[in-house]
Amino acid sequence: MLCTRLANARFLTMDPDHPVAHELGIWRGRIVGLDEAVASLPAREVIDLQGATVLPGFIDSHVHLPWTGFKQNTASMAGCTRIEDALAVVAQAVAARNSPGSWVSVVGYDQRALGRHLTAADLDRVSQGHKLYVLHDSGHGCVVNTAVLDLLAADVPHEDGFLAEGAMGAARALRLPYSQEELAESIGRAARTCVAEGITACAEAGIGGALFGHTPVELGAYQLAREKGLLPLRVQLMVSADRLRPVGAHEADGIPKALDLGLRTGFGDDWLSVGALKIFTDGGMMARTAALSSPYEGMDHAGQLQDDPEVLARSVVDGHLAGWQLAVHAIGDRAADVALDALEEAQRRRSRPDARHRIEHAGLIRPDQLPRFARLGISAVVQPNFLRYFGDDYAAIMGEERAPWLYRGRGFLDHGITLVGSSDRPVTDGSPLRAVQFMVERASESGRLIGPDEGITVDEALYAYTVAGARACHWEDSAGSLTPGKRADLVVLGDDPRRVDVSAIGDIEVVATYVDGREAGKPAV
């Protein structure tokens, strides 16, 4: 007997052997058959989906769950366009603490909206004896007040209180880590938001590191979230490369650095597993720290690398030799050069044809870099909603020649490069459907077309958020398509993305999300 039969729907399976179905059978969390294979089987529950469209659950291959959860629960200056309004938010957050000397965090900071960066002097006006930490929306910078600057080493660089990249990490290190209990609750809040948008699995883009880590025992927080029933979707964890340390392994292993006990990509189960090793090579475009090969339009700098290219390359090679899949953060084209050079050297040192290394973001990729991606078998994990919401700004700072190279679609696919969809939540909107819409029409919110020749089809965009996402996370045997034998992870939509006008895709209702054959948010029966 089936546990559940879903009937009267249009199942877009993403499986070329059975692309469209109308009934789907589930037993113990797995898909056991489609259409006539299950239509006559008894089922404990038959659900009439009333003509809805059903897709495999969306896979967001690059998110930050704890950061998302904390951001949802932290004072925010998002939407402020005047310095005084932003400072009023900070003052209100300070008043709510009423414990001088303690830390006060504020999120939603974006200097572009304010016309200039906040300064330490600005924050001093409203600090009332507290230590202030105002996080940039990109996650690649922060502004602190004088009370924090006084605690930093004299050689930590800053611009009137604005700290970028590694300098931001120095400020973060002054604070006590979050507790596992706090993290588990935050992860749960973010996970529920993901599920509401049809996401059934995601890859957490960096735990335990100086830049995005929250505690040296962060993996335990995810285990706690799962044990407490706060994890309604599948999560794969990228580990920050700065957690690797020299090890005395047998010389035949060829492993110079590793996590304790040799833990690497693949450890875990269908619900919680260890994924790629996360390596940062540059910053972000919002903070103007993405490393470019020529200066930002109208500016006298070209961003920055996180370290010397030789040091970055050594991290890539060490991770590869230790058996990890690598997720290399590279937004600017100069950073992509560094990443490609290092990945090529790693494969030369030890060939691993199915390593499935990824470049995260691939925000600005020159035409001459595309063949190298293809030759090395690297996936491009992009965030289409960056251009949907920030595209006007990004196009302006890249200039006319480079703007069409931003967050490519068609260029990757035409070169045989696997294109993977993701959000980088909470940097911007995490909706897969709104991202799919942008991937097809390439229009920002203002209507500006950005690299229209990079537009792809609806089917190709859906593939990026299902089949390609599963492969990027080594889940192709259990997720990504509605194929018998795979997990019954699916999303029920109010309309068919392939049949509505492209401009309406982002507004399609997510009617329900099923994980392991059960509607998320409903108790097991």
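Contact here means that heavy atoms lie within 4.5 Å, and a residue is buried when its relative accessible area is under 20%. The structure is a predicted model, and these two terms help in reading its helix H8.

Helix H8 covers residues 218-227, and its buried residues are Glu218, Gly220, Ala221, Tyr222, Leu224 and Ala225. What covers them? Among the elements over the buried residues of H8 are two helices, H1 (65-72) and H7 (180-196), and three strands, E11 (199-207), E12 (234-240) and E15 (272-280). After H8 comes glycine 229, which has a positive phi, near 75°.

The three strands just named also belong to an open sheet of 8 strands, with parallel pairing and the order E6-E11-E12-E15-E16-E17-E18-E19. Strand E6 (58-63) and strand E19 (419-421) are at the edges; each has a single partner strand, so one side of each has no neighbour in the sheet. On average, neighbouring strands of this sheet are turned by 25° against each other, direction ignored. Within the sheet, E12 and E15 pair in the parallel sense over 5 bridges. Serine 240 has lysine 278 in E15 as its bridge partner.

Another pair of elements is H9 and H10. Two packed helices are described by the angle between their axes and the distance between the axes. Helix H9 (residues 309-321) packs against helix H10 (residues 333-349) at an angle of about 40°, and their axes are 9 Å apart. H9 is therefore oblique to H10. The crossing of H9 past H10 is right-handed. Residues of H9 in this contact include Leu312, Val316 and His320, while those of H10 include Val338, Ala342 and Arg349. By class, the contact has 10 nonpolar, 2 polar and 2 charged residues.

Conventions:
Residues are numbered from 1 along each chain as its sequence is written. This is a predicted model: local features need pLDDT of at least 70, side-chain atom pairs count only at pLDDT 80 or more; totals for chains, interfaces and linings use all residues. Side-chain values use heavy atoms; hydrogens and water are left out. Buried means under 20% relative accessible area, exposed over 50%, partly exposed in between (1.4 Å probe, protein chains only). Helices (H or I, at least four residues) and strands (E, at least two) are DSSP runs, numbered from the N terminus. Two strands pair if DSSP finds at least two bridges between them. Axes are lines fitted to C-alpha atoms, for helices over the stretch in contact, and angles run from 0 to 180 degrees between N-to-C directions. Angles under 35 degrees count as roughly parallel, over 145 as roughly antiparallel, 65 to 115 as roughly perpendicular and the rest as oblique. A crossing is left-handed if the near helix is turned anticlockwise from the far one by less than a right angle, and right-handed if clockwise. Ala, Val, Leu, Ile, Met, Phe, Trp, Tyr, Cys and Pro count as nonpolar, Asp, Glu, Lys and Arg as charged, and the others, Gly among them, as polar.
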